[in-house]
Amino acid sequence: MMRYARELWWNFAGRTDEEIRKAREAWMAGGRFGEVKGYDGDRLDAPEVPAMQLKALGRGR
């Protein structure tokens with residue numbers, strides 16, 4: 001059975017709270033997600049992830 005992303009925060013999806021936090025760190029560092037060509041505005045910063053652990057969507061674990 002294929003498993004889909006279960007955690008969502010801002011524009012990030014992952015299987016765990018840790019994956020979401022690592023994705024945010026990678027976004028803020030730049031490089032991993034590429035760039036939008038032709039956009040003149042400033043790059044958006046991702047909001048801080050809440051201090052509490054993110055909960056899974058859908059059915060319980």
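Which helix holds both Arg-21 and Asp-17, and how many residues apart are they? Both lie in helix H1, four residues apart, about one turn of the helix.

**Before starting**

This is a predicted model, in which local features need pLDDT of at least 70 and side-chain atom pairs count only at pLDDT 80 or more, while totals for chains, interfaces and linings use all residues. Residues are numbered from 1 along each chain as its sequence is written, and side-chain values use heavy atoms, with hydrogens and water left out.

**Stop 1: the whole chain**

Display the chain as a cartoon. One helix and two strands make up its secondary structure, in the order β-β-α along the sequence. Helices (H or I, at least four residues) and strands (E, at least two) are DSSP runs, numbered from the N terminus.

Next, show the surface. The accessible surface comes to about 5,400 Å², and carbon and sulfur atoms account for 53% of it; such areas come from the Shrake-Rupley method with a 1.4 Å probe, and for residues only the protein chains shown count as cover. Of the 61 residues, 20% are buried. Here buried means under 20% relative accessible area, exposed over 50%, and partly exposed in between (1.4 Å probe, protein chains only). Contact means heavy atoms within 4.5 Å; among contacts between residues at least 6 apart in sequence, 47% join residues at least 24 apart.

**Stop 2: helix H1**

Select residues 17-29, which form helix H1. This helix has 13 residues and reaches 19 Å from its first C-alpha to its last, close to the 18 Å expected at 1.5 Å a residue; the expected span is 1.5 Å times one less than the number of residues. Colour the buried residues of H1: Asp-17, Ile-20, Ala-23, Arg-24, Ala-26 and Trp-27. These buried residues pack against E1 and E2. Just after the helix, select Gly-30, which takes a positive phi of about 80°.

**Stop 3: Asp-17 and the salt bridges**

Show the side chain of Asp-17. Asp-17 counts as buried because its relative accessible area is 10%. Leaving aside residues up to four places away in sequence, Asp-17 touches Glu-7, Met-52, Gln-53 and Leu-54.

Add Arg-21, which is partly exposed at 24% relative accessibility. The side chains of Arg-21 and Asp-17 meet in a salt bridge of 2.6 Å, N to O. A salt bridge is a side-chain nitrogen of Lys or Arg within 4 Å of a carboxyl oxygen of Asp or Glu, and by this rule there are four.

Two further salt bridges can be selected in turn:

- Glu-18 with Lys-22: the closest N and O atoms are 3.1 Å apart. Both residues lie in helix H1, four residues apart. Glu-18 is partly exposed at 48% relative accessibility, and Lys-22 is partly exposed with a relative accessible area of 48%.
- Arg-15 with Glu-19: the closest N and O atoms are 2.9 Å apart. Arg-15 is exposed at 54% relative accessibility, whereas Glu-19 is partly exposed at 29%.

**Stop 4: the aromatic rings**

Select Trp-10, Phe-12, Trp-27 and Phe-33, which ring pairs link into a cluster. Rings of Phe, Tyr and Trp (its six-membered ring) pair if their centres lie within 6.5 Å; planes under 30 degrees apart count as stacked, over 60 as edge-to-face and the rest as tilted. The count by this rule is four aromatic pairs. In one of them, the rings of Phe-12 and Phe-33 have centres 6.0 Å apart and planes at 40°, so the pair is tilted. Phe-12 lies in strand E2 and Phe-33 in the segment after H1, so the pair ties together parts that are 21 residues apart in sequence. Phe-12 is buried at 5% relative accessibility, whereas Phe-33 is partly exposed at 39%.

**Stop 5: Trp-10 and the strands**

Where in the chain is Trp-10 found? Trp-10 is in the loop between strand E1 (7-9) and strand E2 (12-14). This residue is partly exposed, with a relative accessible area of 36%. Inspect its backbone as well: Trp-10 has a positive phi of about 55° although it is not a glycine. Most residues other than glycine have a negative phi.

Finally, select Leu-8 in strand E1. Leu-8 counts as exposed because its relative accessibility is 53%. Add Lys-55 and compare the positions: Leu-8 and Lys-55 are 47 residues apart in sequence and 8.9 Å apart in space, C-alpha to C-alpha.
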